[in-house]
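I opened this entry to keep track of what I looked up, one topic at a time. The notes follow the order in which I went through the structure.

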Amino acid sequence: MIRIFINEWKRAVNTSSAIGIIGVMFCICFDSWNDLVSAMQSGSTVWCVYYFTSNSAFGGMCRNYILPVFAALPFAASFCEERNNRVVAYIASREGTQRYGAVKYIVNILIGGLVVAFGTVLLILFLRMRFQMTSDYYETSVESAADLFHKWLAVHSPVRYCMTEAALGFMRGMIWAGASMFVSLYVRDRFVITMFPFLGNYVLIRVSQILSLDADWRLDHILIGRTVIRNSGYTVVAAAIASSILVFLMGVCFTKKLVKGLRNGMFYESK
């Protein structure tokens with residue numbers, strides 16, 4: 001099990017992982033690109049790190065729709081590649097079908113989560129080199145620990161705020177990386193698999209809006225910091241529980257479908 005994990009992990013940590021981290025950083029930046037350029041040029045103390053991260057969470061297109069794609073970029077299409085190369089049956093027979101599917105899925109969600117988490121943290125640290133964490137406006141307007149976008153935490157504990165953003169990003173990355181790999185059971189095009197989070201996130205948001213779901217309890221809002229339940233700590237715990245259940249269920253379905261597909265010859269078919 002450990003040997004399989006190490007081999008798969010070495011494959012997952014590749015150039016695409018680095019591209020994914022950089023992509024996550026730029027996604028958050030692009031939602032406030034004009035403001036960021038202006039802030040860099042003016043050097044005004046009005047601008048702060050929290051402004052750029054919260055503004056991105058406030059319905060930013062790049063963070064909402066494009067950022068999840070970078071979670072799927074490093075490893076979500078690995079099963080598709082092995083299937084197209086017709087080596088799935090060989091690897092599964094050598095390593096064990098269930099172990100092969102489970103380890104591949106676990107490595108995928110971990111690298112997907114880490115890409116988003118590292119990208120988020122590195123961006124905050126990069127911006128912190130140029131701007132203060134919060135401005136006087138946020139420090140005077142913060143009211144309680146239940147403020148939107150974790151404002152209270154950003155003002156009173158910047159380190160914990162950074163950790164919170166990283167944790168939420170990690171969970172979001174896991175979910176979309178796992179969803180993309182699950183789709184690879186049915187799709188054999190790497191581009192479609194990698195871009196699935198873009199379409200999936202759009203559909204999820206539109207369905208939530210049509211059904212008029214309570215925004216305060218929508219997992220997609222929680223994972224971008226747009227909703228705070230009671231306080232930041234409680235929010236992270238609630239998000240971790242919900243994300244873990246969702247990721248676990250997708251993993252079980254992926255493994256079972258993989259085992260079934262190998263038994264009935266589904267993955268032996270030619271292109």
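**Leucine 258 and its helix**

I began with leucine 258, which I found in helix 14; I note at the outset that the model is predicted. I then looked up its accessibility, and because the relative value is 1%, under the 20% cut-off, leucine 258 counts as buried. For a sense of distance I took arginine 130 as a partner, and the two residues, 128 apart in sequence, are 49 Å apart in space from C-alpha to C-alpha.

**Helix 8 against helix 14**

Next I asked which residues of helix 8 and helix 14 meet. On the helix 8 side I listed Thr97, Gln98, Tyr100, Gly101, Ala102, Tyr105 and Ile109, and on the helix 14 side Val247, Met250, Gly251, Phe254, Thr255, Leu258, Val259 and Leu262, so the leucine I started from is part of this contact. Sorting the residues of the contact by character, I got 10 nonpolar and five polar, with no charged residue among them. For the geometry, I noted that the axes of helix 8 (residues 97-128) and helix 14 (residues 232-264) come within 9 Å and cross at roughly 145°, and that the crossing is right-handed.

**Aromatic pairs**

I then turned to the rings, and the structure holds 17 aromatic pairs. One of them joins phenylalanine 79 to phenylalanine 254, with 6.0 Å from centre to centre and 85° between the planes, which makes the pair edge-to-face. Phenylalanine 79 lies in helix 6 (residues 78-84) and phenylalanine 254 in helix 14, so this pair ties together parts that are 175 residues apart in sequence. I checked accessibility here as well, and both phenylalanine 79 and phenylalanine 254 are buried. Phe254 is also listed in the contact of helix 14 with helix 8. Separately, I recorded one aromatic cluster formed by Trp47, Tyr51, Phe52 and Phe131.

**Cysteines**

How many disulfides does a search of the whole structure find? I got zero. Cysteine 27 is in no disulfide, and the nearest cysteine sulfur, that of cysteine 62, is 5.4 Å away, whereas a disulfide would need the two sulfur atoms within 2.5 Å. At 4% relative accessibility, cysteine 27 counts as buried. Cysteine 80 is likewise in no disulfide, and for this residue the nearest cysteine sulfur is that of cysteine 253, 20 Å away. I closed the entry with the accessibility of cysteine 80, which is buried with a relative accessible area of 2%.

Definitions and conventions. Residues are numbered from 1 along each chain as its sequence is written. This is a predicted model: local features need pLDDT of at least 70, side-chain atom pairs count only at pLDDT 80 or more; totals for chains, interfaces and linings use all residues. Side-chain values use heavy atoms; hydrogens and water are left out. Axes are lines fitted to C-alpha atoms, for helices over the stretch in contact, and angles run from 0 to 180 degrees between N-to-C directions. Helices (H or I, at least four residues) and strands (E, at least two) are DSSP runs, numbered from the N terminus. A crossing is left-handed if the near helix is turned anticlockwise from the far one by less than a right angle, and right-handed if clockwise. Contact means heavy atoms within 4.5 Å. Ala, Val, Leu, Ile, Met, Phe, Trp, Tyr, Cys and Pro count as nonpolar, Asp, Glu, Lys and Arg as charged, and the others, Gly among them, as polar. Buried means under 20% relative accessible area, exposed over 50%, partly exposed in between (1.4 Å probe, protein chains only). Rings of Phe, Tyr and Trp (its six-membered ring) pair if their centres lie within 6.5 Å; planes under 30 degrees apart count as stacked, over 60 as edge-to-face and the rest as tilted.
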